[in-house]
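Welcome, and thank you for joining this tour. Please open the structure in your viewer and keep the selection tool at hand.

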Amino acid sequence: MKPIPTPKYSGSISAQLRKDKAAAASPLALPYLASYAPSLQQKVRDWLQAGKAAEWLLRKYPQAHAVRTDKALYDYVDALKAQYLRNAGQLHRVAYDSRIHVVRNALGLHTRRAIAHGGKLNARHEIHVAAMFKQAPDDFLRMICVHELAHIRVMDHDKAFYQLCTHMEPDYHQLEFDVRFYLSYLDTGAEPLWG
Ligand SMILES: [Zn+2]
């Protein structure tokens, strides 16, 4: 009797299928860009996979800032505050914080503690910037600081909040996108670009 012809098992094909399935099931996750349009997220995926992100970022932002200490960071944020939020009270503390990177979506942190002072309520503002922005372009650092400063006036990420951000930095939205693009780039396992 002749054997009935059956499709032959092929290891290489099934390996390829497994790869395709895995790729389809988990496209490059972009937690830092979750609030952007899916079409833009797909573009970012394409850029990252094409391996052009580093070149693009370094061409647009060739230099790192020189704000390397907490004291320098305080002066940097205080100067921004003096320019745009003159009556916002005093900054109690401004510092780089190496714990912030564990919080996926927070790039910085603003806290306010109301303290009774001579019968008046004063807010003690603290601004913490994720330590990874110690090695970053000035535009990135300014975007983070503008964001945290705006929280002194507006707690939520609402229209008034972003109006204040763009008042302090007209290119705020593009910068926030570029920062999140860089974070997505790092998420692929790439080394920091301004280390
Ligand atoms: Zn915020």
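Two residues are in contact if their C-beta atoms, placed from the backbone, lie within 7 Å. Keep that in mind whenever two helices are said to meet. Bear in mind, too, that this is a predicted model.

**Stop 1: the whole protein**

Colour everything by secondary structure. You will find 7 helices and 3 strands. Starting at the N terminus, the elements come in the order α-α-α-α-β-β-β-α-α-α. The protein has 195 residues, and 23% of them count as buried. Among contacts between residues at least 6 apart in sequence, 61% link residues at least 24 apart.

**Stop 2: helix H5**

Now select residues 138-153, which form helix H5. Is H5 mostly covered or mostly open? It is mostly covered, with 12 of its 16 residues buried. Show the side chains of the buried ones, which include Phe140, Leu141, Met143 and Ile144. Further along H5, Cys145, Val146, His147, Glu148 and Leu149 are also among the buried residues. If you like, check the length of the helix: at 1.5 Å a residue, the 16 residues of H5 should span 22 Å, and the end C-alpha atoms are 23 Å apart, which agrees.

**Stop 3: H5 with H6**

Keep H5 on display and add residues 159-168, helix H6. The two helices pack at an angle of about 130°, and their axes are 9 Å apart. That angle makes H5 oblique to H6. The crossing of H5 past H6 is right-handed. Which residues of H5 and H6 meet here? From H5, select Val146, His147, Leu149, Ala150 and Arg153; from H6, select Phe161, Leu164, Cys165 and Met168. Sorted by class, the residues of this contact are 7 nonpolar, 1 polar and 1 charged.

**Stop 4: H5 with H4**

Hide H6 and bring in helix H4, residues 70-84. H4 packs with H5 at an angle of about 55°, with 10 Å between their axes. H4 is therefore oblique to H5. As H4 passes H5, the crossing is right-handed. To see the contact, pick Tyr76, Val77, Leu80 and Lys81 in H4, together with Cys145, Val146 and Leu149 in H5. This contact of H4 with H5 has 6 nonpolar residues, no polar ones and 1 charged.

**Stop 5: H5 with H7**

Next, swap H4 for helix H7, residues 172-187. H7 has 16 residues and reaches 22 Å from its first C-alpha to its last, close to the 22 Å expected at 1.5 Å a residue. H5 and H7 pack at an angle of about 110°, with axes 9 Å apart. The two helices are therefore roughly perpendicular to each other. This time, H5 passes H7 in a left-handed crossing. On the H5 side, highlight Asp139, Phe140, Met143 and Val146; these meet Tyr172, Leu175, Glu176 and Val179 in H7. By class, the contact of H5 with H7 has 6 nonpolar, no polar and 2 charged residues.

**Stop 6: around H7 and just beyond**

Stay with H7 and show its buried residues, among them Tyr172, Leu175, Val179, Phe181 and Tyr185. What do the buried residues of H7 pack against? Display helix H2 (38-50), helix H3 (53-60), H5 and H6, and you have their partners in view. For a last selection, click on Gly189, just after H7: this residue takes a positive phi of about 95°.

How values were computed. Residues numbered from 1 in each chain as written. Predicted model: local features only at pLDDT ≥ 70, side-chain atom pairs only at ≥ 80, totals over all residues. Axes fitted to C-alpha atoms, helices over the stretch in contact; angles between N-to-C directions. Helix = DSSP H or I, 4+ residues; strand = E, 2+ residues; numbered from the N terminus. Parallel < 35°, antiparallel > 145°, perpendicular 65-115°, else oblique. Left-handed = near helix turned anticlockwise from the far one by under 90°. Nonpolar A, V, L, I, M, F, W, Y, C, P; charged D, E, K, R; others polar. Buried ≥ 20, exposed ≤ 12 C-beta atoms within 10 Å, placed from the backbone. Expected span 1.5 Å × (residues − 1).
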